[in-house]
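Here is a set of exercises to work through with the model open beside you. Try each task before you read its solution.

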Amino acid sequence: MANAKLEWTPRGGSLQSYILPVNFTWDYQEFSQDDADRERALDGSLRSYERGLKQRWVLKFQHLPTAQKEQLAALKQAQAEIAFFRDADGAKTFTAMWTNDLDFRETAPGRWSGSMVLEEI
């Protein structure tokens with residue numbers, strides 16, 4: 001896998017991007033529908049709303065330098081929509097939100113490990 005890329009626009013700011021070096025592992029999943037898209041009608045029948053498949057990428061980082069961890073923390077704090085590019089030089093893979101908490105932990109002096117869960121919106 002080549003370098004990945006993230007693009008986002010913080011509130012009141014301009015478009016920012018960050019190239020992710022290939023220092024992470026990833027897991028990819030597709031979901032057809034979540035339980036929040038179902039509800040009961042007055043007659044008790046179950047109603048659901050159909051939509052296309054939704055992507056989820058889980059990026060796991062091991063032993064990041066502090067500068068990269070700080071860049072990712074700033075992105076999380078911006079709480080903005082993220083354009084994810086699986087290949088930095090390719091087309092956009094999807095638009096997502098970072099849905100898990102910021103969970104980076106120091107594993108050695110100046111080195112951090114954690115994860116980023118990106119869910120398609």
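Buried means under 20% relative accessible area, exposed means over 50%, and partly exposed is in between (1.4 Å probe, protein chains only). This is a predicted model, so local features need pLDDT of at least 70 and side-chain atom pairs count only at pLDDT 80 or more, while totals for chains, interfaces and linings use all residues. Residues are numbered from 1 along each chain as its sequence is written, and side-chain values use heavy atoms, with hydrogens and water left out.

**Exercise 1. Get your bearings: work out which elements the protein has and in what order they run.**

Step 1. Count the elements: you should get one helix and ten strands. Helices (H or I, at least four residues) and strands (E, at least two) are DSSP runs, numbered from the N terminus.

Step 2. Walk along the chain from the N terminus, and the pattern reads β-β-β-β-β-β-α-β-β-β-β.

Step 3. Now check the burial: 36% of the 121 residues are buried. The protein exposes about 7,500 Å², and carbon and sulfur atoms supply 46% of that. Those areas come from the Shrake-Rupley method with a 1.4 Å probe, and for residues only the protein chains shown count as cover.

Step 4. Finish with the contacts (heavy atoms within 4.5 Å). Among those with a separation of 6 or more, 57% are between residues 24 or more positions apart.

**Exercise 2. Find the salt bridges, and say how many the structure holds.**

Step 1. Set the criterion: a salt bridge is a side-chain nitrogen of Lys or Arg within 4 Å of a carboxyl oxygen of Asp or Glu. Side chains of opposite charge can pair when their charged atoms come close. Your search should turn up four salt bridges.

Step 2. Take E119 and K54, whose closest N and O atoms are 3.6 Å apart. E119 sits in strand β10 (residues 111–120) and K54 in strand β6 (residues 54–65), so this pair ties together parts that are 65 residues apart in sequence. Both E119 and K54 are buried.

Step 3. Look for a network here: salt bridges link K54, R56 and E119.

Step 4. Move on to K69 and E70, where the closest N and O atoms are 2.7 Å apart. K69 is buried at 11% relative accessible area, whereas E70 is partly exposed at 40%.

**Exercise 3. Describe the surroundings of K5, starting with where K5 is found.**

Step 1. Locate K5 in strand β1 (residues 4–8). K5 has a relative accessible area of 16%, so K5 is buried.

Step 2. Identify the partner: the side chains of K5 and E7 meet in a salt bridge, 3.3 Å from N to O. E7 is buried, as is K5.

Step 3. List the contacts, skipping neighbours within four places in sequence: K5 touches Y18, I19, A83, F84, F85 and A88.

**Exercise 4. Which residues in the largest nonpolar core touch the most other members?**

Step 1. Build the core from buried Ala, Val, Leu, Ile, Met, Phe, Trp, Tyr and Cys residues joined through side-chain atoms within 4.5 Å.

Step 2. Rank its 23 residues; L6, L20, L59, F61, L72, M116 and L118 touch the most other members.

Step 3. Sort by element: β1, β2 (16–20), β6, α1 (66–78), β7 (82–85), β8 (94–98) and β10 each give two or more residues to this core. β6 gives the most, with four residues.

Step 4. Zoom in on L59. Neighbours within four places aside, L59 is in contact with L20, F24, T25, W26, F84, G114, S115, M116 and L118.

**Exercise 5. Check the backbone at H63 and Q79: where does each residue lie?**

Step 1. Recall the background: most residues other than glycine have a negative phi.

Step 2. Inspect H63, which has a positive phi of about 60° although H63 is not a glycine. H63 lies in strand β6 and is partly exposed, at 46% relative accessibility.

Step 3. Do likewise for Q79, where phi is near 45°. Q79 lies in the loop between α1 and β7, and Q79 is exposed at 58% relative accessible area.

**Exercise 6. How far apart in space are G90 and A4, C-alpha to C-alpha?**

Step 1. Place G90 in the loop between β7 and β8. G90 is partly exposed, with a relative accessible area of 34%.

Step 2. Compute the distance: G90 and A4 are 9.2 Å apart in space and 86 residues apart in sequence.
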